[in-house]
Amino acid sequence: MRIIKEEEAELAKKYLAIAAETAKQATCARSRCGAVIVSERGCIIGEGFNSPPGGLKSQRRCRCEKNGYHIKVTDKTCCVHAEQRAMIQVLRTHPESLAGSTLYFVRLDEDGKLHYSGAPYCTICSKMALDIGIKYFVLWHKEGITVYDTEEYNDKSYAYTDAYRIISLQTTRP
Ligand SMILES: [Zn+2]
Ligand SMILES: [Zn+2]
């Protein structure tokens, strides 16, 4: 992983801003996220936001208690992730451009402003990005815009630590 600067960061900001626009379409009640996938040549080949699968009201699980699921239910998230949606779109429309592409991800806060990302933890998206040939994953951390190789991103997602999890749990408790 590396924090990018200057021209490279300016270009990344452009794509992150597009991802933030896309995130405004999200209908998930828990969070609003956006993702764009950019080909090696710099073309946007996929976009996505999080919302219930198929856009179905019957499949909305945003208010379900995550701890209520059986241990075998490993995906406790409610909606289709923005990154998943963007990846699905590219697989449908530009699969030939996946090799060497970059996925940019953003989360919005309640006011619709960009919310800095924490450490990677979504193994659903990290595995899929690596498997379909996306080369880089970009997050905007407080420390700066950070580029991960997708293999490293998958390792880091699986290595997300308990210590980190406890901190995040404590901060969300009243
Ligand atoms: Zn949701
Ligand atoms: Zn995900």
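Biologist: To begin with strand 3, how many of its six residues are buried?
Modeller: This is a predicted model, and in it strand 3 spans residues 44-49 and is mostly covered. Of the six residues in strand 3, the number that are buried is five.

Biologist: Which residue of strand 3 stands opposite Ala-35?
Modeller: Strand 2, which covers residues 32-38, runs antiparallel to strand 3 and is joined to it by five bridges. The two strands form a hairpin with five residues between them, where Gly-42 takes a positive phi near 95 degrees. Across this pair, the residue that stands opposite Ala-35 is Gly-48.

Biologist: How many helices and strands does the chain have, and what radius of gyration does it reach?
Modeller: There are five helices and seven strands, and along the sequence they follow the pattern β-α-β-β-α-β-β-α-β-β-α-α. The globule rule gives 16 Å for 174 residues, and the chain comes close to this, so it is as compact as a globular protein of that length, with a radius of gyration of 16 Å.

Biologist: What share of the contacts with a separation of 6 or more links residues 24 or more positions apart?
Modeller: The C-alpha atoms fill a box of roughly 45 × 35 × 30 Å along the principal axes, and buried residues make up 33% of the 174 residues. Among the contacts with a separation of 6 or more, the share that comes from residues 24 or more positions apart is 67%.

Biologist: Which element gives the most residues to the largest nonpolar core?
Modeller: This core holds 38 residues, and those that touch the most other members are Ala-19, Ala-35, Ile-37, Leu-103, Tyr-104, Phe-105 and Val-138. The elements that give two or more residues to the core include strand 2, strand 3, helix 2 (82-93), strand 4 (102-108) and helix 3. With six residues, the element that gives the most is helix 1.

Biologist: What is the bridge partner of Phe-105 in strand 6?
Modeller: Strand 4 and strand 6 run parallel and are joined by four bridges. Leaving aside residues up to four places away in sequence, Phe-105 touches several residues, among them Ala-19, Cys-33, Ala-35 and Val-138. In strand 6, the bridge partner of Phe-105 is Leu-139.

Biologist: Which residue of strand 7 is the bridge partner of Val-138?
Modeller: Strand 6 also pairs with strand 7, in the antiparallel sense and over six bridges, and a hairpin of two residues joins these strands. In strand 7, the bridge partner of Val-138 is Val-147.

Biologist: Is Tyr-136 buried, exposed or partly exposed?
Modeller: Tyr-136 is found in strand 6, and its C-alpha atom is separated by 4.6 Å from that of Thr-102, although the two are 34 residues apart along the chain. Beyond residues up to four places away in sequence, Tyr-136 touches Thr-102, Val-147, Tyr-148, Asp-149 and Thr-150. Because a buried residue needs 20 or more other C-beta atoms within 10 Å, and Tyr-136 has 19, Tyr-136 is partly exposed.

Biologist: Why do the buried residues of helix 4 line one face of the helix?
Modeller: The buried residues of helix 4 (residues 150-158) are Thr-150, Tyr-153, Asn-154 and Ser-157. They pack against helix 3 (123-132), strand 6 (136-141) and strand 7 (144-149). They line one face because, seen down the helix axis, they fall within an arc of 100 degrees.

Biologist: Is His-81 buried or exposed?
Modeller: His-81 has its place in the loop between strand 3 and helix 2, and, residues up to four places away aside, it touches Cys-33, Asn-50, Cys-122, Ile-124 and Cys-125. The C-alpha atoms of His-81 and Ile-124 are separated by 9.1 Å, with their positions 43 residues apart along the chain. Because His-81 has 23 C-beta neighbours inside 10 Å, it counts as buried.

Biologist: Is Glu-6 buried or exposed?
Modeller: Glu-6 is found in helix 1, which covers residues 6-23, and its phi is near 50 degrees, a positive value in a residue other than glycine. Because it has 7 C-beta neighbours inside 10 Å, Glu-6 counts as exposed.

Biologist: Over which residues is the pLDDT below 50?
Modeller: The mean pLDDT of the chain is 92, and 93% of its residues reach 70 or more. One stretch has a pLDDT below 50 and, beyond near neighbours in sequence, one contact in the model. Where pLDDT is low, the predicted coordinates should not be read in detail. The stretch with a pLDDT below 50 is residues 165-174.

Methods: Residues are numbered from 1 along each chain as its sequence is written. Chains are lettered from A and ligands numbered from 1 in the order in which they are written. This is a predicted model: local features need pLDDT of at least 70, side-chain atom pairs count only at pLDDT 80 or more; totals for chains, interfaces and linings use all residues. A residue is buried if 20 or more other C-beta atoms lie within 10 Å of its own, exposed if 12 or fewer, and partly exposed in between; C-beta atoms are placed from the backbone. Two strands pair if DSSP finds at least two bridges between them. The arc is that of the directions from the helix axis to the C-beta atoms. Two residues are in contact if their C-beta atoms, placed from the backbone, lie within 7 Å. pLDDT is the predictor's confidence in each residue, from 0 to 100. A nonpolar core is a set of buried Ala, Val, Leu, Ile, Met, Phe, Trp, Tyr and Cys residues joined through C-beta atoms within 7 Å. The radius of gyration is taken over C-alpha atoms; the globule rule is 2.2 Å times the number of residues to the power 0.38.
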